[in-house]
Amino acid sequence: MIEINNLVKRHGTRNVVDDISFTAQPGRVTGFLGPNGAGKSSTLRILLGLDKATSGTALINGSAYRSMHNPLRTVGAMLDGPGANKGHTAKAHLTWIAQSNGIPLSRISEVLAKTGLSDASRTRIGGFSLGMGQRLGIAAALLGDPEILVLDEPTNGLDPDGIRWIRRFLRSMAEDGKTVLVSSHLMGEMEETADDFVVIARGLVVAQGAGDEVRGNHCNLETAFFALTEGQTEYLSGRIDGAEQA
Ligand SMILES: Nc1ncnc2c1ncn2[C@@H]1O[C@H](COP(=O)(O)OP(=O)(O)OP(=O)(O)O)[C@@H](O)[C@H]1O
């Protein structure tokens with residue numbers, strides 16, 4: 001389980017994450033939604049030990065990521081795509097990660113098969129399509145057979161087929177009992193994928209709960225999302241680095 005408790009992240013005078021609390025439960029896909037600049041990546045970076053909170057906690061099965069002995073066996077993550085050396089093959093990339101984390105090399109063929117990359121295992125990553133790159137990032141996240149998956153905007157830039165693949169993959173992970181936390185700025189994309197939703201805007205939770213709760217009186221989740229986040233996208237409001245446009 002993932003527990004975010006009163007999380008605050010301040011940059012300069014501005015709280016980019018402003019007292020956020022939510023949980024992501026096993027056996028469910030939790031959609032973490034918000035417009036550009038809402039604070040999704042900032043929250044996930046703290047959860048994964050890549051950044052420090054100003055206050056509050058972000059815990060994975062009750063522990064902070066940085067205090068975990070072998071985190072890849074508990075939580076698999078993909079932030080900012082696969083993060084791989086383009087000159088390496090998929091297999092070499094996964095071998096490096098497995099070896100540096102004490103994961104048996106037998107897992108490599110398993111995760112390549114699970115992500116549909118078996119035939120591309122000896123292809124250089126520089127020749128991968130965007131969708132293949134996302135699958136490779138997910139394959140790396142799965143190496144430690146973690147019970148928790150955290151993916152930051154995995155469908156960004158993908159074609160409809162790629163989006164459908166990610167959707168089915170996330171559902172299958174939840175059906176296997178895993179805790180899946182996935183961020184997106186597109187509610188339409190998450191509507192059929194997520195069981196629970198956390199909607200944030202400008203660092204604040206504006207709605208959370210199952211689909212029906214977040215939908216409220218709106219005709220669908222996407223309409224609810226626009227109503228909840230209207231005018232909150234920072235480039236529309238002109239708010240940059242804490243300065244409100246005059
Ligand atoms: N190191 C930093 N210094 C100053 N401001 C930062 C820093 N990192 C993030 N921010 C600001 O924090 C805010 C939230 O950014 P964040 O990347 O968490 O949003 P997001 O919801 O992931 O957006 P997107 O969908 O565009 O990725 C933005 O205004 C961003 O400019």
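Start at the ligand: 12 residues surround it, and V16, N36, K40, S41 and S42 come nearest. A residue is near a molecule if its C-beta atom, placed from the backbone, lies within 6 Å of it. This is a predicted model: local features need pLDDT of at least 70, side-chain atom pairs count only at pLDDT 80 or more, and totals for chains, interfaces and linings use all residues. Residue numbers run from 1 along each chain as its sequence is written.

Helix α1 (residues 40–47) gives the most to this shell, with 3 residues. Helices (H or I, at least four residues) and strands (E, at least two) are DSSP runs, numbered from the N terminus. Sorted by class, the shell holds 8 polar, 2 nonpolar and 2 charged residues. Ala, Val, Leu, Ile, Met, Phe, Trp, Tyr, Cys and Pro count as nonpolar, Asp, Glu, Lys and Arg as charged, and the others, Gly among them, as polar.

Now step back to the whole chain. It divides into domain 1 (2–74 + 148–237) and domain 2 (85–145). These bounds come from an automatic or database domain assignment. The domain centres, taken over C-alpha atoms, are 25 Å apart. Across the boundary, 9 residues of domain 1 are in contact with 10 residues of domain 2. On the side of domain 1 that touches domain 2, 4 residues are nonpolar, 3 polar and 2 charged. Contact means that two C-beta atoms, placed from the backbone, lie within 7 Å.

Finish at G157, in the loop between β6 (148–152) and α5 (160–175). G157 counts as exposed because it has 12 C-beta neighbours inside 10 Å, and the cut-off for exposed is 12 or fewer. G157 and Q134 are 23 residues apart in sequence and 10.0 Å apart in space, C-alpha to C-alpha.

How values were computed: A residue is buried if 20 or more other C-beta atoms lie within 10 Å of its own, exposed if 12 or fewer, and partly exposed in between; C-beta atoms are placed from the backbone.
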